[in-house]
Amino acid sequence: MKFTAAQIAGILEGTVEGNPEVQVSKLAKIEEGTSGSLTFLANPKYTSYLYTTKASIAIVNTDFELENDIDTTLIRVEDAYKSFSKLLEYYNQVKLNKSGIEQPSYISESASYGEGLYLGAFSYLGDNVQIGNNVKIYPNAYVGDNVTIGDNCVLFSGAKVYSDCVIGHSVYIHSGAIVGADGFGFTPNDKGEYSKVPQTGNVIIEDYVDIGAGTTIDRATLGSTVIREGVKLDNQIQIAHNVEIGAHTAIAAQTGIAGSTKIGKNCLIGGQVGIAGHITIGDRVRIQAQSGIGRNIKDDETLQGSPSFGYADWNRSYVHFKNLPKIVQTVNQLEKKINQ
């Protein structure tokens, strides 16, 4: 798809300086811009690249002043960074604007769906599935029996939603993510053999949630595993049965959360964090990468380490960790003096 400078300025409510008919069909960093690409300048340290870039169009702030002549057409806006982000969102919507039902695909006779459905080839919609308007389900996706999916959701290729799960509005589930697999429930007998505990609950995903590629969210043993509104989950996260994650919490890749743990709202959790089961983490908690959490955490705490403790204490202690060989050497020398 190609867009002219005039069309882009109309989308962004900006003004064109240069050729309004110049066309672009791709996006680029300012230092990597080529003919036919669109870029932006928001950070002053990249200003020099504006005079060397080969990009056809550049978005700049209204008050930006040129020091030399350039061939690139400018679009002036109030905030170049926000405008470029808006354009990225618009571009993504256009790029993903698929519609229709491809074949082969399977839709149960008891399934229902709203307007604007896109169903990719080799996808499956089970019995009693209910799907809202403008939902896009890409090839090789699976939607099990009795699943409800709200409006404006996207399931990318290979995403799986097991039976009885509830997906809200404007939820994005990326490739390879699995919602509603069995929780890790087994009970040992006298011989040390394990019998499976049936996982009869479901998963509830509220509105505006993003679920990264390869992330797994297990169904509850009883009741529901719940991901609240606005939660953002990175790739390859494991969320166990009966976990609840509060609204607008963001979690980075490779974090694992054990069963029945409750996490508050507006938390930030770094990558490779391990969180034990049956604990409660408060609101606005910050957990640094690779930390291990094995206890209840109060609101507004910032933690690091494994097992974790206060972030400021950890930083002070780390100074001593680095100097430990010298400290041991000093202690040994003092002991020798004392024993002489």
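**What covers α2.** I started with the buried residues of α2 in this predicted model. I find that their cover includes α1, β4 (26-27), β5 (37-40), β6 (57-61) and β7 (73-77). The buried residues themselves are Ala80, Ser83, Phe84 and Leu87. They span an arc of only 95° around the axis, so they sit on the same side of α2. That fits a general rule I keep in mind: an α-helix has 3.6 residues a turn, so residues three or four places apart point the same way. Turning to the other side of α2, I see Tyr81, Lys82 and Glu89 exposed.

**Length of α2.** I also checked the helix span. With 16 residues at 1.5 Å a residue, α2 should span 22 Å, and its end C-alpha atoms are indeed 22 Å apart.

**α1 against α2.** Next I looked at how the two helices meet. The axes of α1 (residues 5-12) and α2 (residues 80-95) come within 10 Å and cross at roughly 105°. I therefore call α1 roughly perpendicular to α2. From α1, the contact uses Ile8, Ile11 and Leu12, and from α2 it uses Ser83, Lys86, Leu87 and Tyr90. Sorting these contact residues, I get five nonpolar, one polar and one charged.

**Thr73 in β7.** Last, I picked a residue from one of the covering strands: Thr73 lies in β7. Is Thr73 buried or exposed? Its relative accessibility is 4%, so I count Thr73 as buried. Leaving out residues up to four places away in sequence, I list its contacts as Ala5, Val16, Glu17, Gly18, Asn19, Val22, Ser56, Ile57 and Ala58. I noted Glu21 too: Thr73 and Glu21 are 52 residues apart in sequence, with their C-alpha atoms 9.6 Å apart in space.

Definitions and conventions:
Residues are numbered from 1 along each chain as its sequence is written. This is a predicted model: local features need pLDDT of at least 70, side-chain atom pairs count only at pLDDT 80 or more; totals for chains, interfaces and linings use all residues. Side-chain values use heavy atoms; hydrogens and water are left out. Axes are lines fitted to C-alpha atoms, for helices over the stretch in contact, and angles run from 0 to 180 degrees between N-to-C directions. Helices (H or I, at least four residues) and strands (E, at least two) are DSSP runs, numbered from the N terminus. Angles under 35 degrees count as roughly parallel, over 145 as roughly antiparallel, 65 to 115 as roughly perpendicular and the rest as oblique. Contact means heavy atoms within 4.5 Å. Ala, Val, Leu, Ile, Met, Phe, Trp, Tyr, Cys and Pro count as nonpolar, Asp, Glu, Lys and Arg as charged, and the others, Gly among them, as polar. The expected span of a helix is 1.5 Å times one less than its number of residues. Buried means under 20% relative accessible area, exposed over 50%, partly exposed in between (1.4 Å probe, protein chains only). The arc is that of the directions from the helix axis to the C-beta atoms.
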